[in-house]
Amino acid sequence: MARVLYIGHDNPNPSGGVRTLYRHVEILRSAGFDAYIVHHRPGFQISWFRSSAPLLYAEGGLALDPTDWVVIPEDHSAALEGFRNVSCRKAVFCQGHYHVFDYMPAGSSWTDYGVSDVLVSSLPIRDFVRTVFDLEPSYVPLSLDLGLFRPAGGQRQSQVAFMPRKGVHHLRFIQGVLARRAPGLRDIPWIAIDGCSEAEVATIMQRSAFFLSTGVREGFGLPPLEAMACGAIVIGFRAGGGAEYATDRNGFWVADEDTLALTDKLVEVLGAYRDQDSDPVWESVRSAGYATAARYTRSSEAERLVEFWAARA
């Protein structure tokens, strides 16, 4: 059987894209495929989540067979170039379309690097690949661990969860304006989700009434969906890729990159919640969020992924 090798960055920091690479390999191993994660530096390991995916290290050589598959992330220019002339089969897994041309020259295509297949993780990315590269990609939806990201018992706190690494310039502006325009809301805690394990992320979202989504140019944007699954009401940007799931019913969304509009919406929503946290509108938005998140199951992701590789490996 041909091997399927997913190339990963040697990056120890939490990243949804990295977790997805590992999950693909876990799914494929469970389905009987000879799949691996490949890092470059011998001994490198991710510590912020647990995975059963076996590891190989490129620095020691991979002994590739021409029938083997190498799966390259769209943002791994070193791997694209490094495998260009290697005798094996190549696919790109694109989880973020906005930065594609940061990693290869303008006017280039993945086919220039010997890539024959493209996997994508969202419908906006699928449409991008179709129109820009004239390729027909295979859509494998992302999924949530709905056993982890789910509502929890106990009182939900009137607090705003956020991710400091997502749109830091937006966050700085919002917090500055909020302090001037709405001093009565300054006592509402802001809870940073930074350097956390998956379980810690879920716990913060389960305890928070709101999640502020300040992502920029996202291929999908998983954190808002995780927040919905936990019952935290999302206020923020769709960030491009979130258009796949964001609706007027499941969150309070504003136009991407309109920081002032997001600040206005945050003041409006936090003020309304403080005045009447029992208003039925809150439960209505939460219920719509639960229903949205429930569509992104592990089984739907696995079904599409196994179907793709069964036709190739």
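These legends walk through several close-up views of one predicted protein model.

Residues are numbered from 1 along each chain as its sequence is written, and side-chain values use heavy atoms, with hydrogens and water left out. Because the model is predicted, local features need pLDDT of at least 70 and side-chain atom pairs count only at pLDDT 80 or more, whereas totals for chains, interfaces and linings use all residues.

**View 1. The whole protein chain.** Welcome to the overall picture. The protein chain holds nine helices and 12 strands; helices (H or I, at least four residues) and strands (E, at least two) are DSSP runs, numbered from the N terminus. Along its principal axes, the C-alpha trace spans about 65 × 40 × 35 Å. The radius of gyration is 21 Å, which agrees with the value near 20 Å of a compact globule with 313 residues; this radius is taken over C-alpha atoms, and the globule rule is 2.2 Å times the number of residues to the power 0.38. Of the 313 residues, 51% count as buried, where buried means under 20% relative accessible area, exposed over 50%, and partly exposed in between (1.4 Å probe, protein chains only). Among contacts between residues at least 6 apart in sequence, 66% join residues at least 24 apart; a contact means heavy atoms within 4.5 Å.

**View 2. The seven-stranded sheet.** Here seven strands form an open sheet with parallel pairing, in the order 3-2-1-4-5-6-7. Two strands pair if DSSP finds at least two bridges between them. At the edges are strand 3 (55-57) and strand 7 (138-139), each of which pairs on one side only. Strand 1 (residues 3-7) is joined to strand 4 (residues 69-73) by three bridges in the parallel sense, and L5 has V70 of strand 4 as its bridge partner.

**View 3. Helices lying on the seven-stranded sheet.** Helix 1 (residues 16-30) lies across strand 1, strand 2 (34-39), strand 3, strand 4 and strand 5 (89-94), and it runs at about 155 degrees to strand 2. Angles run from 0 to 180 degrees between N-to-C directions, with axes fitted to C-alpha atoms, for helices over the stretch in contact. Helix 3 (residues 123-133) also packs on the sheet: it touches strand 5, strand 6 (115-120) and strand 7, and its direction makes about 150 degrees with that of strand 6. Look next at the loop between helix 3 and strand 7, where D134 lies. D134 is not a glycine, yet its phi is positive, at about 55 degrees. With a relative accessible area of 69%, D134 is exposed.

**View 4. Aromatic pairs.** The structure holds 15 aromatic pairs. Rings of Phe, Tyr and Trp (its six-membered ring) pair if their centres lie within 6.5 Å; planes under 30 degrees apart count as stacked, over 60 as edge-to-face and the rest as tilted. One of them is the edge-to-face pair of F128 and F133, with 6.0 Å centre to centre and 80 degrees between the planes. Both of these residues are buried, and ring pairs link F101, W110, F128 and F133 into a cluster. Another edge-to-face pair joins Y245 and W253, at 6.5 Å centre to centre and 65 degrees between the planes. Y245 is buried at 2% relative accessibility, and W253 is buried with a relative accessible area of 11%.

**View 5. The five-stranded sheet.** This open sheet has parallel pairing and the order 9-8-10-11-12. Strand 9 and strand 12 each have a single partner strand, so one side of each is left without a neighbour in the sheet. From one strand to the next, the twist averages 20 degrees. Helix 6 lies across strand 10, strand 11 and strand 12, at about 165 degrees to strand 10. Helix 8 (residues 280-293) lies across these strands too, running at about 75 degrees to strand 11.

**View 6. S213 and its surroundings.** S213 has its place in strand 10 (residues 208-213), which runs parallel to strand 11 and is joined to it by four bridges. Opposite S213 in strand 11 stands G236. S213 counts as buried at 5% relative accessibility. Leaving aside residues up to four places away in sequence, S213 touches P224, V234, I235, G236, F237 and L262.
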